[in-house]
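Colleague: I'd like to get a feel for how the helices in this one sit against each other. Could you pull it up and walk me through it?

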Amino acid sequence: MSVGPLAALRARFIERTRQDGDALETAFRSGDDAVVEHLAHNLAGAAGVFGFGDLGDAARAIDHAYAAGERPSSEAVTDLRQRILDLQA
């Protein structure tokens, strides 16, 4: 069985995203909205490339909240965090 050309990149994306999930949770709890917004924005753009549309949607919801001048709900951040934890290669 052959491995697709994006397999290695996808694996690195998952690893980095899991690390970013830890940073996301810590930043949100400490009120560091700049970090949360940055991480969500990056995930919103990259998740779909690797076939994680639901993850991208959750990140986009957070990104849109900040774009509207609002702070995302803790439920939105928890949802994104759970989707990150559920990532599988």
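Modeller: Here goes, a few questions and answers on a model that is predicted.

Colleague: Let's start with Thr17. Is Thr17 buried or exposed?

Modeller: Thr17 belongs to helix α1, which covers residues 7-30. Leaving out residues up to four places away in sequence, Thr17 touches Leu43, Leu55, Ile84 and Leu87. Its relative accessible area comes out at 0%, and anything under 20% counts as buried, so Thr17 is buried.

Colleague: And that helix, what is the distance between the end C-alpha atoms of α1?

Modeller: α1 has 24 residues, and at 1.5 Å a residue they should span 34 Å. The model agrees with that expectation, since the end C-alpha atoms of α1 are apart by 35 Å.

Colleague: What covers the buried residues of α1?

Modeller: The buried residues in question are Phe13, Ile14, Thr17, Gly21, Leu24, Ala27 and Phe28. Just after α1, by the way, Gly31 takes a positive phi of about 80°. As for the cover, it includes α2 (33-46), α3 (53-67) and α4 (74-85).

Colleague: OK, on to the first pair. How are α1 and α2 oriented, roughly parallel or roughly antiparallel?

Modeller: Two packed helices are described by the angle between their axes and the distance between the axes. For α1 and α2, the axes come within 9 Å and cross at roughly 150°. Angles over 145 degrees count as roughly antiparallel, so α1 and α2 are roughly antiparallel.

Colleague: Which residues of α2 make the contact with α1?

Modeller: The crossing of these two helices, α1 and α2, is left-handed. On the α1 side, the contact is made by Phe13, Thr17, Asp20, Ala23, Leu24, Ala27 and Phe28. By class, the contact of α1 with α2 has 10 nonpolar, one polar and one charged residues. The α2 side supplies Val35, Val36, Leu39, Leu43 and Ala46.

Colleague: Val36 caught my eye. Which residues is Val36 in contact with, leaving aside its neighbours within four places in sequence?

Modeller: Val36 sits in helix α2, and its relative accessible area of 0% makes it buried. Ala11 is 25 residues away from Val36 along the chain, and their C-alpha atoms are separated by 23 Å. With those sequence neighbours set aside, the contacts of Val36 are Leu24, Ala27, Phe28, Ile62 and Tyr66.

Colleague: What about the rest of that helix: which residues of α2 are buried?

Modeller: α2 has 14 residues and reaches 20 Å from its first C-alpha to its last, close to the 20 Å expected at 1.5 Å a residue. What covers its buried residues includes α1, α3 and α4. The buried ones are Val36, Leu39, Ala40, Leu43, Ala44 and Ala46.

Colleague: Now the other pair. How are α2 and α3 placed relative to each other?

Modeller: Their axes are 8 Å apart, and α2 and α3 pack at an angle of about 140°. Roughly antiparallel would need over 145 degrees, so α2 and α3 are oblique.

Colleague: Last one: how many residues of the contact of α2 with α3 are charged?

Modeller: α2 passes α3 in a left-handed crossing. From α2, the contact uses Asp33, Val36, Glu37, Ala40, His41, Leu43 and Ala44, and from α3, Leu55, Gly56, Ala59, Arg60, Ile62, Asp63 and Tyr66. Sorted by class, the residues of the contact of α2 with α3 divide into eight nonpolar, two polar and, to your question, charged ones numbering four.

How values were computed:
Residues numbered from 1 in each chain as written. Predicted model: local features only at pLDDT ≥ 70, side-chain atom pairs only at ≥ 80, totals over all residues. Heavy atoms only, no water. Helix = DSSP H or I, 4+ residues; strand = E, 2+ residues; numbered from the N terminus. Buried < 20%, exposed > 50% of the residue type's maximum accessible area, 1.4 Å probe, protein only. Contact = heavy atoms within 4.5 Å. Expected span 1.5 Å × (residues − 1). Axes fitted to C-alpha atoms, helices over the stretch in contact; angles between N-to-C directions. Parallel < 35°, antiparallel > 145°, perpendicular 65-115°, else oblique. Left-handed = near helix turned anticlockwise from the far one by under 90°. Nonpolar A, V, L, I, M, F, W, Y, C, P; charged D, E, K, R; others polar.
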